[in-house]
Amino acid sequence: MSAASHLRIEGLTKIYGSAAAVEDVNLEVAQGEMLVLLGPSGCGKTTTLRLVAGFVAATRGRILVEGKDYVSLPPYQREMGMVFQSYALFPHLTVAQNVTFGLRMRKLSKPEIDRRLEETLEMVKLTTMADRYPRQLSGGQQQRVALARALAIRPKVLLLDEPLSNLDANLRQSVAREIRQLQRAAGLTALMVTHDQDEAMTMADRLVLMNEGRVQQVGTQEELYEQPLNPFVARFIGHSNLIKGELVDADTFRLPGGGVMKLARSYTQRGPHTLALRPERVRLQVDGDVSPPRATARVEDATYVGGHVDYLLSFEEGSSLALHEPTGATGGTRRVMGETIAITWDALNERLFDAKGTTIAAMEAA
């Protein structure tokens, strides 16, 4: 275990029958870091969180906190605070009683319980609501009570299971900011699960993108967006055009119907590949553009959406490409349907993957 790791997950696997819900997950979380698990429904992110919490028994693997293996410990011995999607507050208990529930179960002294209650309620700005019941609180206030209950036990790891999913859109951003500020202020190591990409991008120090029970990529928001390791990451984080074709020479990418795109970089690995291009990184060719035209396409649709114009372009053999052009980028003239245009992009904005989904490295420039 590296000196910087507070939580380390090694080879964590959960098998149900013949199917692996989580397979060989390996993660390291530094002290005070917020690591966010992201992915589509059924990808294994929630099962991973429940394995760490102890609510699900691991088939194999280790869960190390400060070097101690927690994998065989029951949940109440794991020193972890859990914030549930549904809040899981006791409706018949007041805010104060909900927050101190875990402390009373741990048989702390009354003075210590009172001290922690006061500190925690002040931290989440609920001091004046200590005697209220959950039914008397808004959704955002209930979530803060759930967070206070997790913080009161001074957890070594804070676990958050879709903490914003029951809040309306107007509350999500403010509560997300509050959770992040509290986690940072307390210096807590946190593991969070969400299916919402915006929440993940806003709250994470690093992201873990999962699919079919396996980790696809771990990194910062910029790393996953700018340097996706495979087509799934390119498609899931933001939006990407994934165009199938064949690399027939160093920079010539032939589309299935025979059309050709000239790549911005050169590659040695010939064969069938997938080209990934972000819609906002592809440009309409205009006079004075230093990048040469890389392909021609037909405008199928052009929609003004405020900050940019959404173009849907098509190639002769049927492949299509989305392009987002900032409003006014070409002097305010919107291209019309049926028009044939040239497109271009810069070298850093293309990613090429082989048939197995592995990134193909470009040749070094001479």
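In this predicted model, a good place to start is E339, which is partly exposed, with a relative accessible area of 27%. Its partner in a salt bridge is R335, and the closest N and O atoms of the two are 3.6 Å apart. R335 itself is found in the loop between β18 (320-326) and β19. Although it carries a charged side chain, R335 counts as buried because its relative accessibility is 17%, below the 20% cut-off. Leaving out residues up to four places away in sequence, R335 touches L284, Q285, V286, V299, A302, Y311 and I341.

From this pair, the view can be widened to the whole chain. The protein chain has 8 helices and 20 strands, and its C-alpha trace spans about 75 × 45 × 40 Å along the principal axes. Of the 366 residues, 48% are buried. Contacts often reach across the sequence: among those between residues at least 6 apart, 65% join residues at least 24 apart. The chain exposes about 17,400 Å², and carbon and sulfur atoms supply 50% of that area. As for charge, there are 42 positive and 43 negative side chains, and the centres of these two sets lie 8 Å apart.

What lies inside? In soluble globular proteins, nonpolar side chains tend to be buried together. Here the largest nonpolar core has 48 residues, and V99, L147, L158, L160, L209 and I237 are those with the most contacts inside it. Helix α4 (residues 139-152) gives the most to this core, with 7 residues. Another core, of 27 residues, lies apart from it and has I9, L37, V208 and M210 among its members. The surroundings of L158 give a closer look at the packing: setting aside neighbours within four places in sequence, L158 is in contact with G81, V83, L147, A150, L188, T189, A190 and L191.

Helix α4 also holds Q143. This residue counts as buried because its relative accessibility is 1%. Residues up to four places away in sequence aside, Q143 touches V83, F84, Y87, P163, L164 and V175. V83 is thus a contact of Q143 and also of L158.

Helix α2 (residues 95-105) can be described through its buried residues, which are V95, A96, N98, V99, T100, G102 and L103. These residues pack against α3 and α4. V99, listed among them, is also one of the residues with the most contacts inside the largest nonpolar core. Just after α2, K107 takes a positive phi of about 60°.

Another loop worth visiting is the one between β7 (157-161) and α5 (169-186), where S165 lies. Not counting residues up to four places away in sequence, S165 touches Q85 and R172. Between S165 and T100, which are 65 residues apart along the chain, the C-alpha atoms are separated by 25 Å.

The charged side chains deserve a paragraph of their own. Side chains of opposite charge can pair when their charged atoms come close. Across the whole structure, a search finds 22 salt bridges. One of them joins E112 and R116, with the closest N and O atoms 2.8 Å apart. Why can these two be described as one turn from each other? E112 and R116 are separated by about one helical turn because they stand 4 residues apart in helix α3 (residues 110-123). In an α-helix, residues three or four places apart point the same way, because there are 3.6 residues a turn. R116 is buried, with a relative accessible area of 14%. The pair also belongs to a wider arrangement, since salt bridges that share partners join E112, R115, R116, E119 and R154 into one network.

A further salt bridge is formed by the side chains of R283 and D346, at 3.3 Å from N to O. This pair links distant parts of the chain: R283 is in strand β15 (residues 283-284), whereas D346 is in the loop between β19 (340-344) and β20 (350-354), 63 residues apart. Are these partners buried or exposed? R283 counts as partly exposed, at 26% relative accessibility, and D346 is also partly exposed, with a relative accessible area of 33%.

Note on methods. Residues numbered from 1 in each chain as written. Predicted model: local features only at pLDDT ≥ 70, side-chain atom pairs only at ≥ 80, totals over all residues. Heavy atoms only, no water. Core = buried A, V, L, I, M, F, W, Y, C linked by side-chain atoms within 4.5 Å. Buried < 20%, exposed > 50% of the residue type's maximum accessible area, 1.4 Å probe, protein only. Contact = heavy atoms within 4.5 Å. Salt bridge = Lys/Arg side-chain N within 4 Å of Asp/Glu carboxyl O. Areas by Shrake-Rupley, 256 points an atom, 1.4 Å probe, with all protein chains shown as cover. Charge placed at Lys NZ, Arg CZ, Asp CG, Glu CD.
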